[in-house]
Every structure is written in structure tokens, then in C-alpha cells.
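Me: Please examine the model shown here. I shall ask on what grounds each term is applied.

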Amino acid sequence: MSVSAPEVAPKARSGFRWDLKTVGPLLALALLVLLGITLNENFLSYNNITNVLARSSFIGIIAIGATFVITAGGLDLSVGSMAAVIAGVMIMVMNWLIPVMGVGWGVILAGMAAGILLGGVAGVGNGLMITRGRIEAFIVTLGTMGIFRSLVTFLADGGTLSLNFQVADVYRPVYYDGLLGIPYPILVFALVAIGGEIVMRRTSFGRHCAAIGSNEQVARYSSISVDNVRLITYILQGLLVAVAVLLYVPRLGSASSTTGVLWELEAIAAVIIGGTTLKGGYGRVWGTVVGVVILGLIGNILNLQSFISPYLNGAFQGVIIILAVLLQRPRRAS
Amino acid sequence: MVEAQARTAQPILSANRISKSFGEIPVLFSIDFDVAPGEVHAIIGENGAGKSTLIKILSGIEQPTSGSIAYDGQTVVLPPDGKAEAMGIVLIHQELNLAEHLTVADSIFLGRELKRGPFLDVGEMRRQAAATMETLHVHVDPDARISSLSVADKQMVEIAKAISRDARVLIMDEPTAVLSVGETQTLFEQIRRLTARGVAVVFISHKLDEIMELANRVTVLRDGQLIATVGTEALTPDSIAQMMVGRELSNLYPPKHEPDVDAPVLLSVRNLSTKSVSNISFDLRKGEILGFAGLIGSGRTAVAEAVVGLTHKTGGDITLNGASVDFSRVAQSVHAGVAYMTKDRKGKGLLLNMGLRDNLTLLTLEKHMRMGFIDTASEDRALDRAVRRFDIRARDAAVAVGRLSGGNQQKLMLGKTMESEPDIIIMDEPTRGIDVGTKQQIYHIIAALAAEGKAVIVISSELQEVIGLSHRVVVMRTGRIAGVLEGAEITEEEIMRYAAGIKQSGNDERISA
Ligand SMILES: Nc1ncnc2c1ncn2[C@@H]1O[C@H](COP(=O)(O)OP(=O)(O)OP(=O)(O)O)[C@@H](O)[C@H]1O
Ligand SMILES: [Mg+2]
């Protein structure tokens, strides 16, 4: 009658619904893949798959950061605009440095360093206002979202910031090349995902994120530095946005006021589809990865067929999000 | 007499051969239960026996797996989600169920707001709320936010909310667990007033003297089985306890071993002040159990929280093993070997949506790290140990802690606190919601801790517990120490005298003079 080792029965714990909650995203993914295969024989081709995954990588890397933020009971709406500012600043820094350093990897590494630094600083800013300033995360990041967006417009003077095309040529391989046929963005995404899953599952930081999101008071009484853990989630988010941008800049070679628009919503959607609870307390990184791929595949499949207008992409994504949350609904509390 | 009366009086609510399983796990087995108008029917049993589950079925919150419910002689299916309230079946949950952001008046009228035309009649609701709270002798502002109230006041708001509905059947799940003697007595007055009007009352408590005082009949559950339903006059607290636990219970309190006369002082607090307490001074010696008694709101918890760094202190010194300390975060006090176990297990103690293991090790996760990663195998071993040591019973290993019975949650929280292997343990209401059998175990654990050279502070509103355990008792009153009792002075009357302000002593006389 007493508890034996707790691994004994996690599967049997509440039957079908619980299973659906875990398997749900995977099931949806499998269905989409099946659908894709039946609609178009090119769906499983190397080109199509790498294309979908590489595009998903940006949102994916950002969404993994968002998984931590949301698990700890927070929210970051500023990531899309933050990505645009980081991209803009990176491009400006690189362009500036060409006369000094010449065209080459030196300039690019300097630009990357600037991007990472800026991401970290933006995360610290968001995090400090939320933790030390005691302002709702929603409000703070809604504010910084506007600030970042207008900053990039200002930096681009209402137009577009373009990377010097010689540098762009050197930088190009970071998006288009890869290792063993796997493009770098996918590799980085995979590394971040594996790292994220380990951090979430196997480190005290991950455990503390869930504890704080579940009940901040309990966390405080359990000697967890609530503010510090929260702050770190926002810094991590900022850094991961920067990493995503490092991979994004060589693809487009420019930044403007429309860069990264709505990325925050796509990231949050991916997190939720993956089974992380929006109000915090439970998060899973692998779910987020599945969520990102699902969102990517919907767009891809709509493009591969001719019955339904691809303009309905957003509608399908919306349906998936709502379905995901429906499945997540807790069983009636006792 | 009561037996006969109950048999003749038509039961208003009855359960016939109710069984309940959660998934594969059976929790109740073919239970018969009924309650008649004007009667108090108590349910008792060990933690996890199924008491809360039974009353949830009686109020429609849970549906039985088999069996039926009859209301007014008619077989009915009670509507879920507390809608049975409209039928006159009102339930007070074991865990507080108030929206923290609402005001007291809002909470009392939640779901049946008074209106004038299309608008809320705020003034009238406030007036009636104040009146109801008055009958309960609770002095809280109807406009106060729930979040600003003490646990006891919150419980009184729950009670006010329940008695102000037109209940025909009032079901209360351990309403007195967080109340002190005085508040319990006011509650009992109100219950007697209601039963005199013909309300049927179902009452769960682990405090057997309360059961003896209030109930007409008692139903005993053990491991989901109905053991007996008996009239109270045929019972003694001992015989009830025996039926509950299934064995004889002797010596609830372990023998007291006085600490050595020259035992060193481990913790010394001098003139500690915070927002709510002032000028608190006391010593805690190695091997000592120091009781903290006093009315609810007298500042006992505030003292404990200031000592471990949970609240900011405005003045005073704390010395630990001879060295001055000033904890500003709990982590520091835990490292220094001082652990505090909160009395608010739902709000501050446990993560209800997480499993037993994660909760147990939350305070001490660094003990289970290997090369920077959590070693879950080591956590599992810790859980195994805690389950054995504190007799934690969960029928399903992977269950979220919120689904455990209240008493088992309490035991888990005790296990969590003890994981930090503290030298000084401050326990705030350590046996809240715990059955007598387990209480006895916990008392013995506390005594054993003291015997092996640790020091324990027990904050408790159960006088018997303070008296039965403590070597010395600090009595607090309105944020100050009213007196410190030792040896033969430790009696119920003496404690009450200090707690009520009839008697004062020590350094406080100077201050209040
Ligand atoms: N929703 C649920 N899912 C799974 N198991 C549950 C659920 N609710 C209760 N249980 C289990 O049913 C058993 C009986 O629980 P219940 O809360 O009725 O006990 P109790 O008699 O009220 O105990 P206590 O005195 O500790 O409050 C426990 O083992 C508990 O873990
Ligand atoms: Mg219970």
C-alpha cells in the first residue's frame, strides 16, 4: 500500500487521457507526415525535409528558450523584435568593421559576439524589470517588444539594413552548408534541443523552473532563489534569440522593421503545442521541438498541394494550437 | 437514545453501498452512510482511509464508481462541481478553497451575489458578511483581501460562507485542523445552532475529543472499508482510536527526557522584532523541545519565519552555536542547519502538481547532484527512506501530491524538511490533519530527534500536544512573549492564562508597564 520506487507506474497513472497528453504531439506529427507523403511524393525528399527543418530552426531555438521562461511561470513577448534588433545591430557592426578588419571571418565573429552580447543584455533587461522591478512579465515584454521594434526601424531609418555582400558571401555557408549533409542550422537546433532537454530534466535549474512556475511561495520556502532563477530564464531566452539570429543573418543578409514579426507568437504556440503548460509548472523541451516541426510542416504541406489555399496556413496553425490546449486540459481537480 | 433517534428519523442524505476507484485504484469499498436532520455524524479514520473521498461523493464533487445516493428518500445523481449547493448540500473542503484576490465579502457571496436591479448590492453584501463574521466572533474587515488573512481566518471565512448558505446538509472536512480552541468552540456553537434548526451535519476531524463533544454518531473508516457506525455515547476516545488504527494505542506521547542541565544553547534569540512581533527573546538548548503556544495570530509563525530569514527583521540578534547570524534567505538557514516546516502545506509547503519525489528533494536537491546533474536514483532512495520513516501512504506511486490525502501530504512535508538533516527544527503545526496513529509516530520522531541531540521548536495550537511534548513552553500573546513555562507549570490552565493576557511575566512586564 505504500509507495515503492516511483518509476513503477507512471504510465498507468491516469489512463488514456494522460497518454494522449504525452503522445498527442507525436501523434499529430505522425499524421502530418502521413498526410504529406500521400499528397506529394517529394515530401520525404532530402531537399524538402532539410528545407522545412532549417526554416524551423530559428523559431525552434527561440522556442526552447521560451519553454524555460514559460515553465517558470513567465512570458517573453519581445523575442521577435529582439531578433530584429540583434540582426540589425550585427549587420551594422559587421559593416562598420570592414574598413578596420577587412572582409573575412574576423568581422563575422565580431558581429556574432556583438549579437550574443546584445541578446544577453536584452535578457538581463527584461529579467531585471520583471524580478527586481516586480512588474508583470506580460507588461514588461510588451513594452520591450515595442521598444525593440521601433529601435530596429530607427536603426534602419525606416528602410532595410543590408550586410555588405562580400561579407555575406563569406557568411553564407553558415546557413547553407552543413556537416554530413545536415545543414548547420539543423545541427545547432538539435544541439540546443538536446542540451535544453537535459537542462530541463536533469539539472536543479530545470527543476527549480518548474517549482517556481508551479507555486512561487513553495519555491521560496524551499530555499530556491526565485528571482535569480527567473532572471536566468530571461537571459537564456535572450542568448538563444541571438543564436537563432546568428544563423538567420546569412540567409537573408538584411534586417528591417518586418524582421521577426510574429515570431514570439509562433514560439509560444510551439511551446504550448508541445505540452508545456502556459501558466507554468511543467515544461518539456522535446515537446517544443515537436511543436515547432508541426507548425513548420503545416505550411510546407499546404505549399505542396493544390486543393487548399496556402493562405489558410494561419488558420490551420490556430486549430492545432487550440486542439493542443484542449488535450492539455487538466482532468477535473479533486 | 441517539441510535434510536437516528433510526426513526428519516435520513436526509444517504449513501448506499458506495464504491469508488480512481483509475485502477480502489479507494472506497461498498460504504453505507447516512445523516439525519438535526444530527452531527462524524467520520473518522486514518490518513488516506477515504473520508474526504466519501464526502466528495456525498456532495457530488466526485461520482461513485458504483452504489447510489439518496436525498430526501429519492435516489439522485448529484450534479458535479459544487452545484449540489443549490440543492442544500454545502461542503467545506479540507483544503482552503478561496480566491486569494477577492475580498472577504466577495468570497462569502461568491456565486450568489446580492443584486439591486442589474447591479451588485455591494453595501448589503458587506453588511451581511460583517454580520456573519460577527456571529463567528471573527474580527476581519469584510473588505480585506483573502490573501491578507491568516490561515485560521481564511478557514473562518470558509465557514461563514458555508453557514450563510441555506444548507440542509452541511459537510465539513477537518474544519478545525487550523483553528485554536477558542475558534473551535465558536464553530461548535454555530453548528449546534444549525442542528437545532434541523440541519444535518457531517463532520470530519482527527481530534477525538471534538468528536466526543459534538457528534451523535461516528462512522469509522479504515483503508476504504466501513468498520462501524456507532452512537457516540457508547464510545471513549480510546475505543475510537483503536477502531481507527486497528490496534491498541498506548502512550500517545513518548516519555520526556529532560535535556542535560549543562546542555549548550544552540539557538539564542534576543529582542527580535519584525513588523508583527516585538522584543522576542528565548534560548533553545541542545536536546530540548521548546513549545510555542498562544492564540492564532499571536505571532508564533512570524517569529519562526524571521529566524530562518523568510521575513525581514527590524531588530534584534540571533546567535547560532555562539556565532551571530543574520539569515536573509532560507538557503542560508538551511545550510546552517536550521529548518522550518510551514503550516500552510498547500500554499507554501508542497508543489501539488508534482510527484512525491520532486517534492521531497526540492529543499535539498544539491544532495542528489552528480557531476552537475540530478541523480534520480539517489532521489528515489531518499523517497523510499522517507516513505518508510514517515509511513507515507499513496496507493499510486506516481500520483501528483495534490491527490494524496491531507495527512499524507503533511507527512511528506515533514519528510522534506527532515531531508536537510537540520540540527534545529522548527515545526509549525506538525500534526495538522494527521490521524492519531501517525501523530503518535510523529511525536516519537520528535522526541527521538531531541534525544539524539537536536533541538526542536514545536509551534502548535493543540495545547495537549504542546504540553505532552515540550520541556519548556513559550506562550505568546499579540506579538510578544507573555511567559515561559517550565516543568510542572506546564498545564492547560496556566498556558491559557498567559495566552489570554490574564497573567504576564518576565521581561515583558517591563515593557508593558
Ligand atoms: N483524484 C485522485 N486520484 C487518485 N487517487 C486519489 C484521488 N483522490 C484521493 N485519492 C486517494 O484515495 C485515498 C483516500 O484519500 P482521502 O483523501 O479520501 O483520504 P482521507 O481519509 O480524507 O485522509 P486524510 O485524513 O489524510 O485527509 C488516498 O490514498 C488518496 O491518495
Ligand atoms: Mg481528507
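Me: How do you know that chain B and chain A bury area between them?
Reply: Buried area is the accessible area (1.4 Å probe) that two parts lose on being put together, summed over both. For chain B and chain A this comes to about 3,500 Å², 56% of it on carbon and sulfur atoms. The model is predicted: local features need pLDDT of at least 70, side-chain atom pairs count only at pLDDT 80 or more, and totals for chains, interfaces and linings use all residues. Side-chain values use heavy atoms, with hydrogens and water left out.

Me: Which residues count as being in contact, and how many are there from each chain?
Reply: Contact means heavy atoms within 4.5 Å. By this criterion, 49 residues come from chain B and 33 residues from chain A.

Me: Why is the pair R207(A) and E379(B) called a salt bridge?
Reply: The term requires a side-chain nitrogen of Lys or Arg within 4 Å of a carboxyl oxygen of Asp or Glu. The closest N and O atoms of R207(A) and E379(B) are 2.7 Å apart, so the pair qualifies. The count between chain B and chain A is two salt bridges.

Me: What makes S52(B) and Q94(B) donors of the magnesium ion (ligand 2)?
Reply: Donors are N, O and S atoms within 2.8 Å of the metal (3.2 Å for Na, K and Ca); water is not among the atoms, so sites may look incomplete. S52(B) (OG) and Q94(B) (OE1) lie 1.9 to 2.2 Å from the magnesium ion, and therefore both qualify. S52(B) belongs to helix α2 (residues 51–58) of chain B, a helix being a DSSP run (H or I, at least four residues).

Me: Are S52(B) and Q94(B) buried or exposed?
Reply: Both are buried, that is, under 20% relative accessible area (exposed is over 50%, partly exposed in between; 1.4 Å probe, protein chains only).

Key:
Residues are numbered from 1 along each chain as its sequence is written. Chains are lettered from A and ligands numbered from 1 in the order in which they are written. Helices (H or I, at least four residues) and strands (E, at least two) are DSSP runs, numbered from the N terminus.
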